[in-house]
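Q: I should like to go through this structure with you, one topic at a time. Please keep the answers plain.

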Amino acid sequence: MGRLTLTTAEPYYTPGYSGYCPTFKYEIGKTYGASTHDILVSPKINRSQQTVLAKTIPSEEVTKTSTGWTTSQEVRTRNIVDSRQQSFGNQKYVHRMTPGYTGFVPRCQKQFGMRYAIACDNAIADFDTEQTRSLKNNTALGQINRKCHPKLQLDGTREKELKDSIQAISIKLTSKSIAKTVPVACMNDDDPNKFHKSGYMGYVPRRKELIGLSYPVSSHVAIKQFHDDCRLHSAEALRPITITRQVQSARDSRTIFPKDSGIVPHYTGHVPGMKYRIGGTFGNNSVDTLRR
């Protein structure tokens, strides 16, 4: 008699999973786990070869770094992403991209079961690796064509002139591309390109105060005003600070007993000789009381 198995064999979807499972609506008479298991192992059903959840146990060696535990694959991925930033200057695609970026990330739609930053790193590394492989294949194809068709090869002088022209064009294009990758915040105030295009989702300081202007014009004015304020604050910070205080006398200069007039009635303080004066008002009896 065979052994009784109470648990469903792997792989299967846990009951309550709300994602898409192909041909599940045609499965009748079995539990959710058993039905999804049959679908996932059946060779007759077209499905994705990647699992929904990421593997919790890494298949590579894990090493400890200053930022935590890292696999060799993550190290290679980070090196590829960092090399892009060093080669192309200012890049939107950097290591550990911040979640919420609304721009396009190549190959990111094929990454599942991981955080946004790790998914972007893997997607960018995959894209760069594919581009490098394609460039090597094109170079190899060119070498094969030159071997198969020797008449297409150029002489030394013509080849040198062609290489010099290509190098000059590449330098010109590279300089233009680098100039275009300068951040808006680092441009000069008189640069006509110092503005953000409509649809930019980042923060632009001082822009909330501008009303009735288009987005490019308002972003240009706001950034220029912000830089002017920053320069003004920097200049003020370098100036020496001088603190002056007005010396106040410790003696109270107010007159309590006036000479030319009397004291206001209902005065509750002491008036010299007031208890010996009879038959007059309080104001008349308190005139020049000190002289009396």
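Q: Which cysteine sulfur is closest to that of C120, and how far away is it?
A: The closest cysteine sulfur belongs to C108, and the distance from the sulfur of C120 is 4.2 Å, too far for a bond. Please bear in mind that this is a predicted model.

Q: What cut-off makes that too far?
A: A disulfide requires the two cysteine sulfur atoms to be within 2.5 Å. At 4.2 Å, C120 and C108 therefore do not form one.

Q: How many disulfides does the structure hold, then?
A: The count is 0.

Q: Is C120 buried or exposed?
A: C120 is buried, because its relative accessibility is 0%. Another cysteine, C21, also counts as buried, with a value of 9%.

Q: Which other residues of α3 are buried?
A: Besides C120, the buried residues of α3 are A117, A119, D121, A123, I124, A125, D128 and G142.

Q: What about the length of α3: what span should its residues give, and what do the ends show?
A: With 33 residues at 1.5 Å a residue, α3 should span 48 Å. The C-alpha atoms at its ends are 48 Å apart, so the expected span and the model agree.

Q: Let us turn to charges. How many salt bridges does a search of the whole structure find?
A: The search returns 7 salt bridges.

Q: Which partner does D126 have, and at what distance?
A: D126 is paired with R107, and their closest N and O atoms are 3.4 Å apart. D126 belongs to helix α3 (residues 116-148), whereas R107 sits in the loop between α2 (72-88) and α3, so this salt bridge ties together parts that are 19 residues apart in sequence.

Q: How accessible are D126 and R107?
A: D126 is partly exposed at 33% relative accessibility. R107 is partly exposed as well, with a relative accessible area of 23%.

Q: What is the N to O distance between D38 and K30?
A: The side chains of D38 and K30 form a salt bridge with an N to O distance of 2.6 Å. D38 has a relative accessible area of 27%, so this residue is partly exposed.

Q: And what separates E236 from R239?
A: The closest N and O atoms of E236 and R239 are 3.2 Å apart, and the two residues form a salt bridge. E236 is partly exposed at 40%, while R239 counts as exposed at 51%.

Q: Which residues are linked in a network?
A: Salt bridges link K224, D228 and R231 in a network.

Q: Now the aromatic side chains. How many aromatic pairs are there?
A: The structure holds 2 aromatic pairs. In one of them, the ring centres of Y13 and Y17 are 4.4 Å apart and the planes make an angle of 35°, so the pair is classed as tilted.

Q: Why is that angle called tilted?
A: Planes under 30 degrees apart would count as stacked and those over 60 as edge-to-face, so an angle between these limits is tilted.

Q: Are Y13 and Y17 buried or exposed?
A: Y13 is buried, with a relative accessible area of 16%. Y17 is partly exposed, at 28%.

Q: What is the geometry of F24 and Y32?
A: F24 and Y32 form an edge-to-face pair, with 5.0 Å from centre to centre and 65° between the planes. F24 is partly exposed, at 29% relative accessibility.

Q: Changing to the backbone: what is notable about phi of R206?
A: Phi of R206 is positive, near 70°, although the residue is not glycine. R206 lies in the loop between α4 (156-180) and α5 (215-238), and at 28% relative accessibility this residue counts as partly exposed.

Q: What is phi of H266, and where does that residue lie?
A: H266 has a positive phi of about 70° and is not a glycine either. Its place is in the loop between α5 and α6 (282-285). H266 is exposed, with a relative accessibility of 78%.

Q: Finally, the surface. Which residues make the nonpolar patch?
A: L213, V217 and V221 make a nonpolar surface patch of about 220 Å². L213 is in the loop between α4 and α5, and this residue is partly exposed at 44% relative accessibility.

Key:
Residues numbered from 1 in each chain as written. Predicted model: local features only at pLDDT ≥ 70, side-chain atom pairs only at ≥ 80, totals over all residues. Heavy atoms only, no water. Salt bridge = Lys/Arg side-chain N within 4 Å of Asp/Glu carboxyl O. Buried < 20%, exposed > 50% of the residue type's maximum accessible area, 1.4 Å probe, protein only. Helix = DSSP H or I, 4+ residues; strand = E, 2+ residues; numbered from the N terminus. Expected span 1.5 Å × (residues − 1). Patch = residues over 30% accessible without salt bridge, like charges linked within 9 Å, V, L, I, M, F, W, Y side chains within 5 Å. Areas by Shrake-Rupley, 256 points an atom, 1.4 Å probe, with all protein chains shown as cover. Phe/Tyr/Trp six-rings, centres within 6.5 Å; stacked < 30°, edge-to-face > 60°.
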